[in-house]
Amino acid sequence: MKVTEHIEKAKGKTLFSFEIVPPVKGRNIQELYNNINPLMEFNPPFIDVTTSREETIYVQKEGLLDKKTTRMRPGTVGICASIQHKYNVDTVPHVICGGFTKEETEYMLVDCHYLGIQNVMALRGDAMREQSYFEPAVGGHAYAKGLVEQIQNLNCGKYLHEVIESDDCADFCIGVAGYPEKHLEAPSLKSDLKRLKEKVDAGADYVVTQMFFDNQKYFEFVAAAKEMGINIPIIPGIKPLAVKRHLQLLPQVFRIDLPQDLIDAVDTCENNKAVRQVGIEWAIQQSKELKEAGVPVLHYYSMGKSDNIQAIAEALF
Ligand code: FAD
């Protein structure tokens, strides 16, 4: 079922969903299941699986270091299929522009369609670590909007090089990213919202936001988006703070602000176990307020371990 259909079916009740990251290649998929298992009792209607672009690595070769690029966490579509099969839940593979040609994206979408995957999240992806700004792959999309257009075309049987008439066309429900505190490269929140509107006009069906720790930012973002004519569901993305280093890391990587009360609470923690508890309590308060405000879904970023998401879900669902 589509994410938007799940939202409609819930008739105003807030749903629970989460996002997982594929394991580093060579690791056992059981580790992933071990993190998903405790979250299934909260009935997520869908689970997102992220996609990572290629990275530069250095391998030893005849005493020298050889520079290679490789994807450390492949397997998004396979993982989605295995989760759908094992848990009978919808999955949302993330499709990214970075590192992929349009052809490769088409093949991925065709695989998704064969596997009965009905939702995809269309994203640009970030620059590679050694790049100062995002560069599309040769023959790839420069912005997520192009990806949304490609997916919508496929929904109408328009492949990259031909139109294929079929009574079994794909019909993907498309999610896109939104940024309550603006995307780090955007010159202003307003111009970023205009870009979001372009993705919606190109065919996006719903938005999932970047993490935020101050609900006011989300409420203002939703109001500004509505004013701009964006009338699709805007799902808040919640990340529980987990380690002290997040105080520096999250603002630096995502250009988001952390509320002073949260910073103060983390500062008083003696170890990361205590920080994890502060993160859980903050996320519970955030989630309660968002739920009371009637958000369609509370979507949690689970970066590996899911014990904190479980504790939050227990308090809310
Ligand atoms: P876009 O919508 O393309 O926007 C990127 C920037 O370009 C913005 O600043 C926008 O304002 C600007 N822009 C857009 N169009 C134009 C234009 N025509 N001209 C000039 N500027 C323009 N990354 C991953 O690698 N894998 C994932 O699985 C993943 N999942 C994510 C899930 C969520 C919910 C979110 C919020 C982010 C996720 N990301 C993921 C991170 C995302 O890829 C980055 O934030 C990326 O830098 C931007 O992606 P986007 O889809 O928002 O890009």
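1. The backbone oxygen of H94 lies 2.4 Å from a polar atom in the side chain of T51. This separation, like every other value in this note, should be read as coming from a predicted model. The side chain of T51 also makes a polar contact with the side chain of T76, at 3.1 Å. T51 itself is placed in the loop between β2 and β3, and T51 is buried, because its relative accessible area is 11% and the limit for that class is under 20%.

2. R53 has its place in the loop between β2 (46–49) and β3 (55–61), and a relative accessibility of 12% means that R53 counts as buried. Two polar partners can be listed for its side chain. With the side chain of E54, the side chain of R53 makes a polar contact of 3.2 Å, while the backbone oxygen of D126 is reached by the side chain of R53 at 2.9 Å.

3. The surroundings of the ligand deserve a separate look. There are 22 residues around the ligand, and T51, D126, Y179, H183 and D192 come nearest. T51 thus appears again here among the nearest residues, having already been described as buried with 11% relative accessible area. D126, whose backbone oxygen is the atom approached by the side chain of R53, is likewise one of the nearest residues.

4. Three side chains may be checked for polar atoms facing the ligand. In the side chain of Y179, an N or O atom is 2.7 Å from an oxygen atom of the ligand, and in the side chain of H94 an N or O atom is 2.8 Å from a ligand oxygen atom. For Y143, the corresponding distance is 3.5 Å, in this case between an N or O atom of the side chain and a nitrogen atom of the ligand. As for coverage, the ligand taken alone exposes 970 Å², of which the protein buries 85%.

5. Which elements each supply at least two residues of the shell around the ligand? They are β5 (90–96), β6 (119–123) and α6 (189–202), and α6 gives the most, with 3 residues. Sorted by class, the shell around the ligand comprises 10 nonpolar, 6 polar and 6 charged residues.

6. Helix α6 also holds R195, which counts as exposed, since its relative accessibility is 51% and the limit for that class is over 50%. The C-alpha atoms of R195 and A144 are separated by 9.6 Å, although the two residues are 51 residues apart along the chain. A contrasting pair in the note is E103 and K239, which are 136 residues apart in sequence and 33 Å apart in space, C-alpha to C-alpha. E103 is placed in helix α4 (residues 102–114) and counts as partly exposed, with a relative accessibility of 28%.

7. On ring packing, the count comes to 7 aromatic pairs when ring centres within 6.5 Å are taken as paired. The rings of F212 and Y218 have centres 5.4 Å apart and planes at 15°, so this pair is stacked, the cut-off being under 30 degrees. The rings of Y218 and F219, by comparison, have centres 5.8 Å apart and planes at 65°, so this pair is edge-to-face, for which the planes must be over 60 degrees apart.

8. How buried or exposed are F212, Y218 and F219? F212 counts as buried because its relative accessibility is 0%, and Y218 counts as buried at 4% relative accessibility. F219, with a relative accessible area of 24%, is partly exposed.

9. Elsewhere, one aromatic cluster is formed by F16, F18, F42, Y300 and F317. A member of this cluster, F317, also has K291 lying over its face, at 5.1 Å from the ring centre. In a further arrangement of this kind, the charged end of K86 sits over the ring of Y33, 4.8 Å from the centre of that ring.

Key:
Residues numbered from 1 in each chain as written. Predicted model: local features only at pLDDT ≥ 70, side-chain atom pairs only at ≥ 80, totals over all residues. Heavy atoms only, no water. Phe/Tyr/Trp six-rings, centres within 6.5 Å; stacked < 30°, edge-to-face > 60°. Buried < 20%, exposed > 50% of the residue type's maximum accessible area, 1.4 Å probe, protein only. Lys NZ or Arg CZ within 6 Å of the ring centre and 35° of its normal. Near = heavy atom within 4 Å. Polar contact = N/O pair within 3.5 Å; in protein donor to acceptor, adjacent residues only side chain to side chain. Areas by Shrake-Rupley, 256 points an atom, 1.4 Å probe, with all protein chains shown as cover. Helix = DSSP H or I, 4+ residues; strand = E, 2+ residues; numbered from the N terminus. Nonpolar A, V, L, I, M, F, W, Y, C, P; charged D, E, K, R; others polar.
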